Amino acid sequence: MEIYHKDGTFPRYCEAVRKSLDPNKFKEFAQLTSNEERFRFVSGLRSIVDELQLKREYNGKGMEQAVALKTLGNKAFQAERWNEALVFYNKCYLSTPKENVQEKSIILANRSAALYHLEKYDLALRDIQRALAHQYPKQMMYKLTERKARCYLAKKDYEAALECFKATVTALDDSNLPLERRQKLERDAQIMINVLPKNVETERKHKKKASAKASAAQPVPKVPDHFVDQALWFDETQDEGRFARTSADLKPNTILLLERPHVSALLEDYSLDHCTHCFKRVSVPIACPLCADVVFCSDECEAKANATYHRYECGFLPILWGSGASITCHMALRMITQKSEEYFMKMKPELAGLTNEQIDKLPVDDYRKVYKLVTHESTRSPEDFFQRTLMATLLNVCLTLGGYGNCPQEQAFIGGLLVHNLQLLQFNAHEVSEMIRETPDDIGKSTFIGGALYPTLALFNHSCDPGVTRYYRGNQVCVRTVKNIPASAMVAENYGPLFTQVRRDERRATLLNQYRFTCQCVPCTENWPLFTEMDPNIIRFRCDGGKICSNVLIIPAEVNDFMVQCTECGEHTNIMKGLKSLQDTDMLFKSATRLHSAGEYEAALRKYVEMMETMSEVLVPPYRDYHLCQQGLRACMLEFGNRHTKTVAKK
């Protein structure tokens, strides 16, 4: 992940600044040895900072636009086009300025009506509560209390519905409706008030029985925010750095890691249909009061974001996006804004002396947890440092204008951390993805929607034949095994190119350019063929010599002699057993594929796992069926992560 895209304003700005810098001045910069010194140097060039001319702007909100969208929503609602009405009400809500409180309450009330007709009762109730919190007009209150009652009625919460119908009768006293209309609504509510007590009594009995059953039943375990398999541990060598190992044999489909990010940020293209805090896809958004650049899925996410990072980013996101700054720049900024200045200043003395033992005990959101991740600082060029420092200067101006950092000393230290963050994110950040389908029958495409930094996952090394795959639920990552991994072996993930799809020279060149290492995984050292080049007429059997011998018996598919002697250990292997296993795996693969297509992903996974374990006993990769099975495992696992099927427009 680089720091900018070529189509933004920052590359041109960076080039102009670099050309304007006196060679001796740049030589002075090149000799600096710390990020804080580099930041002081660049930010000290006042003409550079002044030239940025940044200012906070809240675009995308305005009553003229909001009223037009509301009118379109009302027309769609009257025509009973509920989904269309919801889309317009969403846009209207996002466009309504903060100061138009009562107008916002009315659009929330309108949206709750559309949601009621779409049978999204919980979301409708949420909007009703938010409308009430935004000073909904007293003379119209009966509309909300009556709709609230209908939502509870649909949810079979008769006790709550009864109370809301009673509130409707009271609210009608404040309405300015014609007498006849008011009396009709009052009669309708009174009928429900008379009927519902019987339902309430029945409901209480059912709740009592359900409560007794629930207490007797096994509780459904909650998915933890953070989980690391007890077999996973982290070794360290001079050549490989810190990397994951396993202390026990791992089977395919083992969940090794669940981890929330230390920091995450959405791409601009997904900022209005995903929650900016948790990345959950949002169909009924909660808006930021000030800007129209982000949305939230819940009041909780909005409160967390506006109490920390978004209060500083609000009004500056269009500047970041327009500059061409990459997602790593947004994350570098957010690594700072999600904590206070005092937080960073307090830990300043201990950052340099952190040990792995100390780091491993820290929670995910602690900045010290990620500070010592690899940056390759010693191999960077002065030009690279200058670009990153200039970007850090831009980010710091946003911080300062947003009210973050009160004195030059704080700003210099924070600026140095921004430069550091931009370096470590380059090699440790992950792309968060979502499986997007055009239609329900579409195979789907894994789509990059944002970036995140996972402190534990960042320690996994690369292999072109990885032992795990990862997928995302919101911005939480889940890491599962896709093959048998023996005890004491490295547990590797994949940084991009797989050996089945990309040739060794290209893979190594990509990894060297992006991550600064020459890959020495088994597919690279043995130069395994691409999937399309694997010969289906050759079978690679495992020698029966077991742990004593690791030789591969390369046998033609059409073979008459079923006892094959190993040229290494002299043991004979009966390949008839292996051939029988391959017939079994063929049936398993067909069954797994059928189950996957039918949406029975857990059942499909079990078949793929059985197939993988059977093949692992007799075969040695690279082998076509083995890697087809891995592909099936990965495809099934992705179904448990972020996924979205686009709505097909009616003709």
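A search of the whole structure, which is a predicted model, turns up 2 cavities of 30 Å³ or more. The largest cavity comes out at about 50 Å³, and the second largest at about 30 Å³.

Take the largest cavity to begin with. Its lining is made up of Ser433, Glu434, Met435, Ser446, Tyr471, Tyr472, Leu638, Gly641 and Asn642. Two strands stand out here: E8, covering 430–437, and E10, covering 468–473, each supply at least two of these lining residues. E8 is the top contributor, with 3 residues. As for the character of the walls, 4 of the lining residues are nonpolar and 4 are polar, with 1 charged residue on top of that. Glu434 is among the residues around this cavity, and so are Tyr471 and Tyr472.

The second largest cavity is lined by Glu146, Arg150, Phe165, Thr168, Leu185, Asp188 and Ala189. Helices do the work in this case: H9 (141–154), H10 (158–172) and H11 (179–216) are the elements that give two or more residues to the lining. H11 gives the most, with 3 residues. Sorted by class, the lining of the second largest cavity holds 3 nonpolar residues, 3 charged ones and 1 polar one. Glu146, Arg150 and Asp188 are all found in this lining.

Turning from cavities to helix packing, helix H1 (residues 9–20) meets helix H19 (residues 382–401). Their axes lie 11 Å apart, and the angle between the two is about 120 degrees. Angles of 65 to 115 degrees count as roughly perpendicular and those over 145 as roughly antiparallel, so H1 and H19 end up in the oblique class. The crossing of H1 past H19 is right-handed.

Which residues make the contact between H1 and H19? On the H1 side they are Phe10, Tyr13, Cys14, Val17 and Arg18. H19 answers with Glu383, Phe386, Gln387, Leu390, Met391 and Leu394. Broken down by class, the contact of H1 with H19 has 8 nonpolar residues, alongside 2 charged and 1 polar. Both helices bring a phenylalanine to the contact, Phe10 from H1 and Phe386 from H19.

Conventions
Residues numbered from 1 in each chain as written. Predicted model: local features only at pLDDT ≥ 70, side-chain atom pairs only at ≥ 80, totals over all residues. Heavy atoms only, no water. 1 Å grid on protein atoms, 1.4 Å probe; cavity = no way out; pocket = protein on both sides within 12 Å on 5 of 7 lines; lining within 4 Å. Points joined across faces, edges and corners; volume = space filled by probe spheres on them. Helix = DSSP H or I, 4+ residues; strand = E, 2+ residues; numbered from the N terminus. Nonpolar A, V, L, I, M, F, W, Y, C, P; charged D, E, K, R; others polar. Axes fitted to C-alpha atoms, helices over the stretch in contact; angles between N-to-C directions. Parallel < 35°, antiparallel > 145°, perpendicular 65-115°, else oblique. Left-handed = near helix turned anticlockwise from the far one by under 90°. Contact = heavy atoms within 4.5 Å.
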